[in-house]
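Me: Please walk me through the helix packing and the nonpolar cores of the model shown below.

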Amino acid sequence: MKTLFIGLFFGSLFLGAFTPLPAQGDDLMAWGKHIAEAGNGDPGNTACMECHRLRGGGMPSIGAPRIAGQTRQYIAREIREVQKGKRYGPVMAGVVENLNEHDIEAVAMYYSHIHTPKVRDVSPPSPERVAIGKIIALRGLWKKNIPACVQCHGVNGSGVPPLFPYIAGQNRTYLMRQLIAYAFLERKDDPQGLMRGIARRLSAGERKAVAEYFSSLNPPRENGR
């Protein structure tokens with residue numbers, strides 16, 4: 001009996017040593033917040049909050065975008081597109097290079113479920129540029145074969161979930177950089193090259209006006225998650 005007990009005791013220790021522990025990211029929200037705060041622990045990976053802030057409001061001073069409340073599908077897709085080199089993002093490329101699929105889904109879930117007030121741009125919007133941008137956003141420039149921005153990005157730029165992001169309340173430096181990236185810097189994650197064509201047909205002043213208009217708006221309160 002004593003021998004049997006000792007055998008069972010050491011047998012349980014042996015089995016316990018090989019019992020898999022719960023995966024670190026089983027709770028996607030908790031793991032996503034951890035990545036946002038501290039990265040995933042792999043060399044080269046940086047906390048998302050260093051640019052996007054913990055609550056996802058972004059940093060207008062450096063053109064880091066607001067990502068709070070974007071849909072989970074959109075955030076995850078854009079991270080993958082940066083990894084593939086389809087989305088121009090020289091800073092982001094190094095940060096997301098070693099995120100695995102679980103990390104991507106976790107951080108996308110975290111940021112898609114949080115809300116934060118709009119972070120003010122570095123300077124007030126220009127009323128003149130806002131007025132020009134509003135015309136392009138709501139009506140388009142049909143002589144240039146440019147449709148209204150809201151046809152894809154929703155009423156007042158509030159987005160069309162899951163894959164068309166909201167752009168209302170986004171900082172203007174980021175919006176300008178993306179229009180330039182579509183036009184000149186090989187950002188090519190847009191379906192059928194739609195954004196690339198539009199961005200190239202807009203003049204420099206028109207791109208600036210569109211960015212100014214959407215940045216002057218408030219971000220949507222709800223999201224598609």
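Reply: Helices are DSSP runs of H or I with at least four residues, numbered from the N terminus, and axes are lines fitted to C-alpha atoms over the stretch in contact, with angles from 0 to 180 degrees between N-to-C directions. This is a predicted model, in which local features need pLDDT of at least 70, side-chain atom pairs count only at pLDDT 80 or more, and totals for chains, interfaces and linings use all residues. Residues are numbered from 1 along each chain as its sequence is written, and side-chain values use heavy atoms, without hydrogens and water.

Me: At what angle do helix 7 and helix 11 pack?
Reply: The axes of helix 7 (residues 127-139) and helix 11 (residues 204-216) lie 7 Å apart. The two helices are roughly perpendicular (65 to 115 degrees), the packing angle being about 90 degrees.

Me: Which helix supplies the largest share of the largest nonpolar core?
Reply: A nonpolar core is a set of buried (under 20% relative accessible area, 1.4 Å probe, protein chains only) Ala, Val, Leu, Ile, Met, Phe, Trp, Tyr and Cys residues joined through side-chain atoms within 4.5 Å. The largest has 22 residues, and V107 is among those that touch the most other members. Helices 2, 4, 5 and 6 each supply at least two residues, but the largest share, 7 residues, comes from helix 6.

Me: What is the mean pLDDT of the protein?
Reply: pLDDT is the predictor's confidence in each residue, from 0 to 100. Over residues 1-25 it is below 50, whereas 87% of the protein's residues reach 70 or more, and the mean is 87.

Terms used. Angles under 35 degrees count as roughly parallel, over 145 as roughly antiparallel, 65 to 115 as roughly perpendicular and the rest as oblique. Buried means under 20% relative accessible area, exposed over 50%, partly exposed in between (1.4 Å probe, protein chains only). Contact means heavy atoms within 4.5 Å.
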